[in-house]
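Please work through the following exercises with the sequence and the three-dimensional view at hand. Each task is followed by a solution in steps.

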Amino acid sequence: MSDIKITITDREGVAHEVDAPTDMNMNLMEVVRSYELAPEGTIGICGGMAMCASCQCYVQSNHQLPEKSDDEDAMLSEAFFVKDNSRLGCQIHITEDLDGLKVELAPAED
């Protein structure tokens with residue numbers, strides 16, 4: 001299998017079921033950008049270095065995700081709109097285990 005299905009709810013509340021490749025070493029933030037599910041310049045501002053929280057999302061399915069790194073944990077502790085299920089999309093790498101993942105993009109930090 002090279003593609004998995006992920007449901008991403010954008011910041012307007014619209015759910016998009018997208019195909020995400022598992023063979024391109026992509027992360028969730030890059031998938032959101034490739035499908036243009038967030039306005040240009042509002043997601044992945046730091047380039048996926050866990051330094052800006054612009055790709056924060058809420059994980060809505062019960063998938064087992066890797067533990068948060070210290071950098072991700074520190075960034076989320078300073079971010080707006082953080083919930084118990086908040087993760088940084090740039091830190092969620094697309095693997096076959098994530099087939100059926102459901103996430104909602106956090107509001108933009110205006």
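The radius of gyration is taken over C-alpha atoms, and the globule rule is 2.2 Å times the number of residues to the power 0.38. The model is a predicted one, in which local features need pLDDT of at least 70, side-chain atom pairs count only at pLDDT 80 or more, and totals for chains, interfaces and linings use all residues. Residues are numbered from 1 along each chain as its sequence is written, and side-chain values use heavy atoms, with hydrogens and water left out.

**Exercise 1.** Compare the radius of gyration of the chain with that of a compact globule.

Step 1. For 110 residues, the rule gives a compact globule a radius of gyration near 13 Å.
Step 2. The chain has 13 Å, which agrees.
Step 3. Along the principal axes, its C-alpha atoms fill a box of roughly 35 × 30 × 25 Å.

**Exercise 2.** State the order of helices and strands in the chain.

Step 1. Helices (H or I, at least four residues) and strands (E, at least two) are DSSP runs, numbered from the N terminus.
Step 2. The chain contains two helices and five strands.
Step 3. Along the sequence, the pattern reads β-β-α-β-α-β-β.

**Exercise 3.** Determine whether Asn 25 is buried or exposed, and do likewise for Ala 50.

Step 1. Buried means under 20% relative accessible area, exposed over 50%, and partly exposed in between (1.4 Å probe, protein chains only).
Step 2. Asn 25, in the loop between strand E2 (15-21) and helix H1 (28-34), is exposed because its relative accessible area is 64%.
Step 3. Ala 50, in the loop between H1 and strand E3 (56-59), has 8% relative accessibility and therefore counts as buried.
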